[in-house]
Amino acid sequence: MSEIADPARRSIGARRNPDSAEAILEAAEAVLIEAGYAGFSIEAVARRARAGKPTIYRWWPSKAALLLEVYQRQKRVDVPDTGSLEEDLVGFLVNLFAHWRETSSGSVFRSLIAEAQSDETAAAALAGYAGGRRTHTGLIIERAKARGEIPSDIDPGVVADLVASYAWRHLLTNRLDEPEATIHKMVRYLLQGIAAPGG
């Protein structure tokens, strides 16, 4: 028996069939939007995508891996490069909050965080993703170092963690409509702690 019930989208083994993979990701996103995290399961995704569970598990070894890819394919957040660390961080957070608020990706990421609380694979997937984002956000800090806005011994990863903790707290408490003025205040408080002497 074929693992893909729809003959138009056949599995081609460990290598992903692009049509089948797209159908599965679209189904995963739809199930999550319609049923929420509580109703999200590989079984529900398989039914909606008309795909076999073994195919899904071959390409995504866990529910968390599938959730993470759904999230990553949706995420489109501009990272400003204004020449000012304050404006860059505020712009990044404003764009991130808007993206989480205006698309289903906020719900997807909340679901992934929830899954990570009780599943080691999800926790590992989330940690791997967060590590990559930490490096990415850290580049904003490195640019500020190069401009002399902050001392050279500031750890970009720690600053990125502080920014992420602020963002994640707002996501998890559904406070994504924070006024830009409040975000500016938070960033200003953070920067007062890491400002270059005499800056």
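Let's start with Arg73 and Glu22. In this predicted model, Arg73 makes a salt bridge with Glu22, and their closest N and O atoms are 2.5 Å apart. Where do the two residues lie? Arg73 is in helix H4 and Glu22 is in helix H1, so this pair ties together parts that are 51 residues apart in sequence.

Now, exposure. Arg73 is partly exposed, with a relative accessible area of 27%. Glu22 is partly exposed too, at 34% relative accessibility. Buried means under 20%, so neither value makes that cut-off.

The pair has company. Glu22, Glu29 and Arg73 are linked in a network of salt bridges. And how many salt bridges does the whole structure hold? A search finds 12. Why pair up at all? Side chains of opposite charge can pair when their charged atoms come close.

Here is another one. Arg143 and Asp88 meet through their side chains in a salt bridge, 3.3 Å from N to O. Arg143 sits in helix H7 and Asp88 in helix H5, so distant parts of the chain, 55 residues apart, are linked. Is Asp88 buried or exposed? Asp88 is buried, with a relative accessible area of 0%. Its partner Arg143 is partly exposed, at 25%.

One more bridge. Arg101 pairs with Glu102, with the closest N and O atoms 3.5 Å apart. Arg101 is partly exposed, with a relative accessible area of 44%. Glu102 counts as exposed, at 61% relative accessibility. The cut-off for exposed is over 50%, which is why Glu102 gets that label and Arg101 does not.

Next, helix H6. H6 has 12 residues. From its first C-alpha to its last, H6 reaches 16 Å, close to the 16 Å expected at 1.5 Å a residue. Is H6 mostly covered or mostly open? Mostly covered: 9 of its 12 residues are buried. Among them are Ser105, Gly106, Val108 and Phe109. Further along, Leu112, Ile113 and Ala116 are buried as well.

What do those buried residues pack against? Five helices are listed, and here they are by name: H1, H4, H5, H7 and H8. You have met H1 and H4 already, in the Arg73 and Glu22 bridge.

Look at Ser107 next. Ser107 lies in H6, which covers residues 105-116. At 29% relative accessibility, Ser107 counts as partly exposed. Which residue does Ser107 approach across the sequence? Take Gly36: the two are 71 residues apart in sequence, and 8.0 Å apart in space, C-alpha to C-alpha.

Now the aromatic rings. The count comes to 8 aromatic pairs. One of them is Trp59 with Trp60. That pair is edge-to-face, 6.1 Å centre to centre, with 75° between the planes. Both Trp59 and Trp60 are buried.

Phe109 and Trp168 make another edge-to-face pair. Their centres are 5.3 Å apart, and the planes sit at 85°. Phe109 is in helix H6 and Trp168 is in helix H8, so the pair ties together parts that are 59 residues apart in sequence. Phe109 is buried, with a relative accessible area of 1%. Trp168 is partly exposed, at 27%.

Last stop, the cluster. Which residues join Phe109 and Trp168 there? Tyr71, Phe97, Trp100, Tyr129 and Tyr166 do, and together they form one aromatic cluster.

So, to recap. Arg73 and Glu22 join H4 to H1. Phe109 and Trp168 join H6 to H8. And H6 itself is mostly covered.

Terms used
Residues are numbered from 1 along each chain as its sequence is written. This is a predicted model: local features need pLDDT of at least 70, side-chain atom pairs count only at pLDDT 80 or more; totals for chains, interfaces and linings use all residues. Side-chain values use heavy atoms; hydrogens and water are left out. Helices (H or I, at least four residues) and strands (E, at least two) are DSSP runs, numbered from the N terminus. Buried means under 20% relative accessible area, exposed over 50%, partly exposed in between (1.4 Å probe, protein chains only). Rings of Phe, Tyr and Trp (its six-membered ring) pair if their centres lie within 6.5 Å; planes under 30 degrees apart count as stacked, over 60 as edge-to-face and the rest as tilted. The expected span of a helix is 1.5 Å times one less than its number of residues. Contact means heavy atoms within 4.5 Å. A salt bridge is a side-chain nitrogen of Lys or Arg within 4 Å of a carboxyl oxygen of Asp or Glu.
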